[in-house]
Structures are given as structure tokens and as C-alpha cells.
Amino acid sequence: MGFGRMLPLLRDELGACIGVSDVSEIPWCWLTVTASKIISEHSSGLSRTVLLTELEAKWHHEASREILHTDIHRTVGPFFHRESKPSQELVFGLQIDNTWAIPGTEIWLWTLSGAPDPAEVGGAVAGGSSRPKARNTADMQIDAFIHQRYYPIIEATEFSGFFSHRRTLYTTGLSAADRGGSGGGSPSQTILPTALLAFELRIKETKGLPAELRSFTDEPLLESIFGVRYSGERFVRHAQPAFNADQLWCKVDLVCPQETRYRNNRLAPYQMIQGLAEHEDPPRLVNISFWDKDIGIVRLFKQDSYIGLLCPIMTSKPSGKTVEVEYGTQTIAFISQELSSTPNTLASQMSIAYNDLGYLDYRRYAHRMYLDRCRPGMVNLSLLVRVVAVSDNIPLVEGERKTERYALRVEDERGTCDLTLWSKVGQQASRLLPGQLILLESVETHEESGDVILNGSVDIDTRVYNISAMTGILTSSTLCTYVPLALAQHPEAANSYCRARIVAISSSGVHVRDARDSLAATSLVHSVCGRPAVCSGISSDGGKQLENPVDFYSFDCPSCDTTCLEADDIESVFVIALEINDGTTSACAHATASAASEIVGISPARFLHLPNASEQQSALASAVGQEFVLSLSSYCEPLSAETSLRIDAARLSSDIGELSA
């Protein structure tokens, strides 16, 4: 039984565990991605029972209403611990109890306490039970110096009463110090000024809003400051704002991963939030950039929350299709965390849903999606496909900017499609090999010359899981069924699992290698892509032994379009061919670098330290006669009709225990 055939059975069993009447309530993409992550994390193996237990736990966790609040600390208690200080990474949800100035000064402070959790207000908790809301340490209070950028709104007429009625703020990167002046010699902790905060704006549709605050919502402020109002499960244009502060209001569509970019002739931390100004006609895309220490505030925002900014730095033309802004030194942030119309985390879709930009959103689609059904304008696709071919790096050059780009051709039972992967995702995928079964998470489609093309990048949170190389499946006889070797050799078999004995091991060809390798069993490769590195001055079509290669030679990687590689970027890997036999038939197969190391039982580095050819031969021969459980890929080389067989992962049968036939 291969991975694809295991999923429907796993879905049925999980449905019984969580008590759903129809397994289509479990989105196929959620099950496939989550199972892949769990198996990847358990490379040493796990049982079917453990896999189901972890899937059930993750389902209940992610389906719970509390998921958006578990990482928010709604107490000031950590600032009073004597043993340790709170981490700068923590996110706090705090309530403003008072706004005041130190007598005789213009220094403003807030008195803060823990804000109530919307998941608990009114007694509602996950699973439909009820309990009284417990504050505990949230009843403690602490003073906080107010950053000067917020002084203008303390007395502004437009914000009259804003800091009354238990205003909530979300903040991170907090530090506290002893201000002194408390009685009894105990420290008087005061939070130091921070600009990493956002004020919560609440409307009557806000989830978990206490009844006593429903008379103090922010519809008037949203209308006068941002010119929007909430109507029909979305924000719409109301009127021109009362003043112009380049204010911005948008729905968060994607929180991009942190990266580094050049700014002012230096590399600096950078992060972007992509959103949608849904009240505009037509809706406009929004890109909000955060640099250096300001990127900490990004932790406050989640997908589908709303973000408002006063005084951002505008970096795009007012008439452009996309609004480009930066979070600047005078910017003030607001947030609307969760509205009642927001769908549940795992609400499965029986039909296709359109997102706010009009794209077909498959994030929660109930069923598996196949390539023959792909159309332009699809987003958040998860696809289980097989690799047909992988290109070298084909960089896209725009001025001085060079972006890595890799093209793959993939197929499934119903169709074939081309896939473009960009930057880091493409670089990781460059290690993929023809015939391997992979899971693509979060890819999108567009049209190019009349054909549908798949796209993936870090910006849209694309991930690639190499199912064929997962050893966690091999080590559990309850997750896969072992097929006869004769069946595994058919190209239609995709990924198969087989137990077989090693009959013989030999070199799979002559490559550029370390001089210590007397058997041509290794090759020098680029550690990033795993493909052969080219040594300057040596023909790439023949093998050569190199004495101290990283010390005396220069290497390039044509596949990655990279020259003058660092010494740490060059490594030796096994390149071996094996004859295997399962008791019914024999076959020849190549092995990937990781599978070869598992079979030989030593690393290439240790192999190269063996003193002579005899000991190296003995090391290779040590695996002969041993039985392994193998993940096999059968495929056809480009421009060839001949079927090849490759071992993508391997585990000793003795490490697995009782095997199922």
C-alpha cells in the first residue's frame, strides 16, 4: 500500500476517532499535509495508532475556538517573577485600566492588567461546555510608560474617550524595570516604552465581546478615522476620513516569512504583510513592509484579522493597483482580531469558495484535487504528484536583482502539469528526482501561452514534502504494505514499499571524487542541490580523483548557476548501484545519497577515512545478504522508454520488527 492509497483509510479511521458523521468534514489537504508533517518529524518510525492519536490531537487543537488565543498572554504576572524575565518573543493582550501623567511632568503612563480572553467571555469554551472566566494573575496591575508616538492621540478630539471602557492593546517585545518609590523596599516594576503594539478596535460583530462593552464599540471611530464601516460580513467605504494621515485599513491575507534584504547598503531583517483593502472599488492589494526591530509587531497579526495604520510611510503611487507602505517611526497600529463571520479553522468545503480577490481558494476543500482539474486563478492548492523532471536553476534577472527559478514537470493519475518554484522553495526542490512522490502544499495557478502553470514560493508559504524519502513510513509495518519486487518495477507503481535482500553493491559510474576513494563509490556534489559539482579545469564528462579537493580546487555548480563555491558547500556522497532480491525476482537499482548511506551503514566521510581499497570493499560488502525495507521509485529517464528503479529510502528489516505482507 502506497502513501496515496493509505490516505482514504486514514481518513475513515480519523473520522471515527473524532466522531464526525461524514469524513468529508475532514479536508483532504489538511489530513495529507498534517500526516506528512507528523511522519517527517518521526523519522525513526511511528505506529498507525500513534499517527492517529497525533492527528486527533491536532484536529481538536486547530478546530478549537481558542486557537487564536493560546499564544497570547493575558496577564502581567510574568513581570513580577523574581527568577526570570519574560521573553521578548511573548505576545501580550492587556487592558488599559487608567491613563495618567506623573505630576509636574509631561510623562504619560498606562495602568495595565490582563485583558479578557474572547474564547472564555460568556462562559463559552471549546467543546461547547461553560465555566466562569478565571482571571487569577490577570487581576494584577502594572504601570507602563507610554511611547511618545502615542502622545498625540491621548488628547486628540477625534480620540476622545478612546482609552476608556477597558481598551485592549496587543503588544510584544516588552521589558520592565524597577522605577522605585514603592513601600517596604519591594521593587516597583514598570514596563518600558514600546512601539510594538496595536490597539484593538471592536465592533458589535467582534467575537466574545462582553455585553457591558457592546455600548462602547468603535463604529464611529472607524467611520471618522478610516472612512469604513462593517456591513454584510465585510468592510465597505463609508465616507472620507475626518483628516488625512495616509491612514490604511485592510484585511490580512498573508503574513510572509521573515527574510533579509538590502536597505541603505546593508543587510537588514525584513518582513511583509500582504492584505486586501476590501472597501475600495475595486478592492486593492496592500503590501506592508516592516524593517529591523519593527518586525516584532508582525507577531500580533494573523491571517483574516484586520489591520489599521495611521501615518505609515507611503511608497507607492496613490493610483497604483497595489498600495505599498512601510511601518515607520510615527506609525500607529490598530487591530480587529476576529469577527463573528470568520469561518471556523477547519470548516470543510464541499464546493469551491472564492476568496476576497476572486480567486478559487482550495485551503479547506474537502476532496483531493487532481491536475486535470486545475484552472487559472486557483490558490492554496495541495497536490499529491509524481516528479517527471527537474530543471537546473533558470534565474530571472530584473535589473540588478536575480531570483532563483526552478521548473518541474509533475504528473498524477489524471494529468501532467509544469510547476515553477522560486527562490528557497525552488532551491530545496532541486534535490528532487524523477519518479519521486511529493506533496505540494499551498501552490497557485496561472495561465501561460494557453497552458495552466503551477507556481510556488516562500511568499505564498509553499512547502514541498518528499513522500518517497520519508523513512517514518518504512519503519512501521502498519502504515504500508510491501509489494513484490516485480510489481514495484512498473512505472505505474509510483512509490512502492518492498522488502528485499542486498545481493551485490557496485559503483554506479565514474565521477569527480576524492582521491581517497579507491572504488569510485563516491562523488563530489554541491551540498545545496545534491548534484555533481564541476571542478574548474576538469572535463565534466569524465571522472577524476582529486587530492585534497576543497583545498586545492575551485568548484562551480551548473545546476544552481553558482560559481566559486565555498569549501563547506562541497561534500562527498555515495553513488552506488545495487542488485536486490525479494525471493521471487532480482532487480538492479540505484540509490539516493541518503539511502546509500543507510544501506552501507557508514557515512561517506568515514568511508573515505578507511586506509585502503580492501577495507573500503569490505565496508560496501557488509550490507550484502542483509534484508531491508525499501522505498522504491520506478521511472523513465528523459528521452528514454527504458524503466529505471531507484531506492529513495531504506531501513534494516531487523529494526522494524514484525512485518505485514
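**Note on the predicted model**

1. Start with helix α2. Of its 14 residues, 11 are buried, so the helix is largely enclosed by the rest of the structure. The model is a predicted one.

2. Which residues of α2 are buried? At the start of the helix they include Trp28, Cys29 and Trp30. Leu31, Thr32, Val33, Thr34, Ala35 and Ser36 are buried too. Ile38 and Ile39 complete the list.

3. The length of α2 can be checked. The helix covers residues 28–41. At 1.5 Å a residue, its 14 residues should span 20 Å. The C-alpha atoms at its ends are 20 Å apart, which agrees.

4. Now the chain as a whole. Its secondary structure comes to 12 helices and 40 strands. The chain has 661 residues, and 48% of them count as buried. Its accessible surface comes to about 30300 Å². Carbon and sulfur atoms hold 49% of that surface.

5. Contacts across the sequence deserve a point of their own. Take the contacts in the chain with a separation of 6 or more. Residues 24 or more positions apart account for 64% of them.

6. Ala504 gives a local example. This residue is found in strand β30, which runs over residues 495–507. Is Ala504 buried, partly exposed or exposed? Its relative accessibility is 32%, so Ala504 counts as partly exposed; that value lies between the 20% and 50% cut-offs.

7. What does Ala504 touch, leaving aside residues up to four places away in sequence? Its partners are Ala577, Leu578, Glu579 and Val624. Ala504 can also be set beside Ala621. The two are 117 residues apart in sequence, yet 7.5 Å apart in space, C-alpha to C-alpha.

8. Next, internal space. Rolling a probe the size of a water molecule over the atoms shows where empty space is left. The structure holds 6 cavities of 30 Å³ or more. About 80 Å³ of space lies in the second largest cavity.

9. Which residues are closest to the centre of that second largest cavity? They are Ala144, Leu174, Ile191, Thr194 and Leu197, out of 15 that line the cavity. Three elements each give two or more residues to the lining: β3 (108–114), β4 (141–145) and β5 (168–172).

10. Last, the character of that lining. For the second largest cavity, 12 lining residues are nonpolar and 3 are polar. No charged residue is found in this lining.

Conventions. Residues numbered from 1 in each chain as written. Predicted model: local features only at pLDDT ≥ 70, side-chain atom pairs only at ≥ 80, totals over all residues. Heavy atoms only, no water. Helix = DSSP H or I, 4+ residues; strand = E, 2+ residues; numbered from the N terminus. Buried < 20%, exposed > 50% of the residue type's maximum accessible area, 1.4 Å probe, protein only. Contact = heavy atoms within 4.5 Å. 1 Å grid on protein atoms, 1.4 Å probe; cavity = no way out; pocket = protein on both sides within 12 Å on 5 of 7 lines; lining within 4 Å. Points joined across faces, edges and corners; volume = space filled by probe spheres on them. Nonpolar A, V, L, I, M, F, W, Y, C, P; charged D, E, K, R; others polar. Areas by Shrake-Rupley, 256 points an atom, 1.4 Å probe, with all protein chains shown as cover. Expected span 1.5 Å × (residues − 1).
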